[in-house]
Amino acid sequence: MVASPARSSPMRVVSSRKRQIREGSMPNSGVIILSAPDRKEIGTGKTHDPMRLALAQDANLSDCVHCIATICQCNYFEDMLASTFASLRKKRVTEIAGSRHLCAKSLLPQFVTRMIRLMNITEKDTFYDLGCGNGSILFQVAYMTGAKCVGVELLPHNAELAREAWNSMKPILERHSGRKMPEVEIVSGDLSLVINDPAFIADGNKAVMTSNMLFPKSLTHFMSERFRAMPVGSRILCFDDLYPHSRSVAAIRDPEAFQKFDMMDYIWQEMSVEWTTAEGKFYIHTRV
Ligand SMILES: C[S@@+](CC[C@H](N)C(=O)[O-])C[C@H]1O[C@@H](n2cnc3c(N)ncnc32)[C@H](O)[C@@H]1O
């Protein structure tokens with residue numbers, strides 16, 4: 001894993017007009033309002049042709065080159081996360097030698113904004129981050145969508161840090177947006193116990209994300225079995241594919257997976273995850 005992208009990226013050169021928007025007159029509802037007509041996902045979502053949104057040539061009014069929207073919240077949220085975590089005495093543990101599954105590096109706000117759009121997360125959903133690290137994804141989803149958010153984290157130190165960060169950030173976000181924030185719950189424990197609970201598969205709209213690339217294969221396998229019981233309409237975003245749909249024999253080996261899920265492949269944009277500046281693959285499976 002490499003260091004996180006520099007925050008002073010050349011993409012973030014702020015013009016006075018844009019600074020004015022960021023600091024004062026920018027709509028603060030959290031809602032993305034305008035989409036540039038030429039900014040679209042390209043691709044079919046099949047393995048040989050994943051959906052892709054290249055970086056924009058010019059930054060939008062919020063100084064973001066990642067979003068399809070004319071105004072977005074990416075840089076606002078990036079600054080909010082940086083100042084909140086800097087203000088706390090507790091610091092995130094990102095790596096523990098010999099336990100690679102405990103690596104706690106994160107998706108960046110630019111990815112999360114895209115994820116919210118692609119998974120169509122709304123206030124009617126409960127959003128889960130299974131392996132939530134310092135909770136940063138939950139906070140942005142709560143702020144931008146109003147969805148109830150549940151994070152599960154194995155490392156008690158990082159779970160406690162996430163709770164402290166939300167307690168510190170929540171009143172600031174409420175003042176900034178003029179809205180009450182939804183519930184954000186951080187569960188300290190093993191995600192396999194949470195997804196084994198009947199409440200996890202009970203009726204209700206659900207959107208789930210898991211940064212599972214370093215999880216043991218057995219855990220990803222258990223998740224893939226458990227997600228089959230989730231309500232129709234549930235959306236699951238993962239990085240290590242839950243269902244090996246790229247193999248020609250996959251549908252013969254595991255026909256149920258293909259009956260129960262619509263599977264789409266995506267490429268994440270460069271500079272949108274903390275563990276690399278390069279692009280990579282992720283998947284969204286929708287329960288049908
Ligand atoms: C790569 S981080 C992802 C953080 C965050 N979800 C994100 O994408 O920005 C993966 C996290 O999963 C946690 N984790 C690993 N195994 C877990 C388990 N069995 N139950 C709960 N959390 C787990 C790790 O401690 C780590 O914080």
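Q: How is the share of contacts between residues far apart in sequence to be read, and what share joins residues at least 24 apart?
A: Two residues are in contact if their C-beta atoms, placed from the backbone, lie within 7 Å. In the protein chain, 69% of contacts between residues at least 6 apart in sequence join residues at least 24 apart. The model is predicted: local features need pLDDT of at least 70, side-chain atom pairs count only at pLDDT 80 or more, and totals for chains, interfaces and linings use all residues. Residues are numbered from 1 along each chain as its sequence is written.

Q: Which residues are the closest to the ligand?
A: A residue is near a molecule if its C-beta atom, placed from the backbone, lies within 6 Å of it. Here 24 residues surround the ligand, and the closest are Ser106, Gly131, Gly133, Leu154 and Ser211.

Q: How many residues of helix H4 are buried?
A: A residue is buried if 20 or more other C-beta atoms lie within 10 Å of its own. Helices are DSSP runs of H or I with at least four residues, numbered from the N terminus. In H4, 10 of 10 residues are buried, among them Leu138, Val141 and Ala142. Glycine 146 follows H4 and has a positive phi, near 80 degrees.

Q: What does valine 141 touch?
A: Leaving aside residues up to four places away in sequence, valine 141 touches Val112, Ile116, Ile121, Phe127, Ala147 and Cys149.

Terms used. A residue is buried if 20 or more other C-beta atoms lie within 10 Å of its own, exposed if 12 or fewer, and partly exposed in between; C-beta atoms are placed from the backbone. Helices (H or I, at least four residues) and strands (E, at least two) are DSSP runs, numbered from the N terminus.
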